[in-house]
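Biologist: Please show me the model. I have some questions about it.

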Amino acid sequence: MELIEHPPIFRIPSIPDQVLYMWIVMGILLVVAVVSTRRLQMVPRGSQNFMELVLEQFVNELDETIGHGGRRYLPLIATLGLFILTSNLMGLVPGLIAPTANLNTTAACALIVFFTYHWIGVRKQGLVPYLKHFAGPVPTALKPLMFVIEIISHCARPLSLSLRLFGNMMAGHILLAIFFFMMGLDGMLGWALSGSLGGILIGAPAAAILVVFVIGFLFPLKILVALIQTFIFCKLAMLYIAAAVEETEHH
């Protein structure tokens, strides 16, 4: 990656880039929260209206997935969703990086979901009754085997959550880096500016085609992927919580 990609434009020595840009994302969200709630009005306008619209989508998904009682988990799901979406979109800005293109960041988010939904199940029912649900509704002789299978399945969830988000963001990041490299001064644009006949006849049109392709297709596709991956992460988190709550209620 370092051969085709320039380092981020803003760096602080001794602080990893993904940590620094994660702090930037948190700062952006904090500013948006302060601006949106500074002058609350009965008829929302501007940033308040926009944030209420965004949060309403989270509430609708919680109602659909968990039920009306799922609204108590809005702070967790909305915080994760806004953080992941902002991180994903930050990677589209040239010179910046997406914190979610780093496995440490996505693993941290996945572990938060993992420990939280288990904590919800244990809190609702108690530790021993909650663990009994891992054995499932099977004959007694098969319960030990089912318990082990379920434990392995649950332990794989943070792995799948983190790798899915990281893989998609990193793949998109690499793709953009390759196209920027091909368009830039080390690629077609540099060839066209060299003044050679081949550069003028081939390099200049190729650079123009690449610019149109990136702006007209690749950027919208990346925005769509950023939204979809945020939705998938939040939806799976809701499903895990819903499963813990449903198991408790069924018991």
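Biologist: Where is the place of S14, and is S14 buried or exposed?

Modeller: This is a predicted model, where local features need pLDDT of at least 70, side-chain atom pairs count only at pLDDT 80 or more, and totals for chains, interfaces and linings use all residues. Residues are numbered from 1 along each chain as its sequence is written, and side-chain values use heavy atoms, with hydrogens and water left out. S14 sits in the segment before α1; helices (H or I, at least four residues) and strands (E, at least two) are DSSP runs, numbered from the N terminus. Its relative accessibility is 76%, so S14 counts as exposed (buried is under 20% relative accessible area, exposed over 50%, partly exposed in between, with a 1.4 Å probe and protein chains only).

Biologist: What is the phi of S14?

Modeller: Most residues other than glycine have a negative phi. S14 is not a glycine, yet its phi is positive, at about 75°.

Biologist: How do α3 and α4 pack, parallel or antiparallel?

Modeller: Two packed helices are described by the angle between their axes and the distance between the axes. Axes are lines fitted to C-alpha atoms, for helices over the stretch in contact, and angles run from 0 to 180 degrees between N-to-C directions. Helix α3 (residues 74–90) and helix α4 (residues 103–125) have axes 12 Å apart, at an angle of about 170°. That angle makes α3 and α4 roughly antiparallel (angles under 35 degrees count as roughly parallel, over 145 as roughly antiparallel, 65 to 115 as roughly perpendicular, the rest as oblique).

Biologist: Which residues make this contact, and how do they divide into nonpolar, polar and charged?

Modeller: Contact means heavy atoms within 4.5 Å. From α3 come L76, L80, F83 and I84; from α4 come T105, C109, I112, V113 and T116. Ala, Val, Leu, Ile, Met, Phe, Trp, Tyr, Cys and Pro count as nonpolar, Asp, Glu, Lys and Arg as charged, and the others, Gly among them, as polar. The division is seven nonpolar, two polar and no charged.

Biologist: Which element gives the largest share of the largest nonpolar core?

Modeller: A nonpolar core is a set of buried Ala, Val, Leu, Ile, Met, Phe, Trp, Tyr and Cys residues joined through side-chain atoms within 4.5 Å. The largest has 38 residues, and those with the most contacts inside it include V113 and F233. Elements giving two or more residues are α1 (17–37), α2 (46–65), α3, α4, α6 (143–183) and α8 (197–250). The largest share, ten residues, comes from α8.

Biologist: Why does C109 form no disulfide?

Modeller: A disulfide is a pair of cysteine sulfur atoms within 2.5 Å. C109 is buried, because its relative accessibility is 5%. Its sulfur is too far for a bond with the closest cysteine sulfur, in C234, at 9.5 Å.

Biologist: What about C155: how far is its sulfur from the closest cysteine sulfur?

Modeller: C155 counts as partly exposed, at 46% relative accessibility. The closest cysteine sulfur is in C109, too far for a bond, at 19 Å. A search of the whole structure finds zero disulfides.

Biologist: How far apart in space are F180 and L210?

Modeller: F180 lies in helix α6 and is partly exposed, with a relative accessible area of 32%. F180 touches P94 and F219, not counting residues up to four places away in sequence. F180 and L210 are 30 residues apart in sequence; C-alpha to C-alpha, they are separated in space by 8.8 Å.
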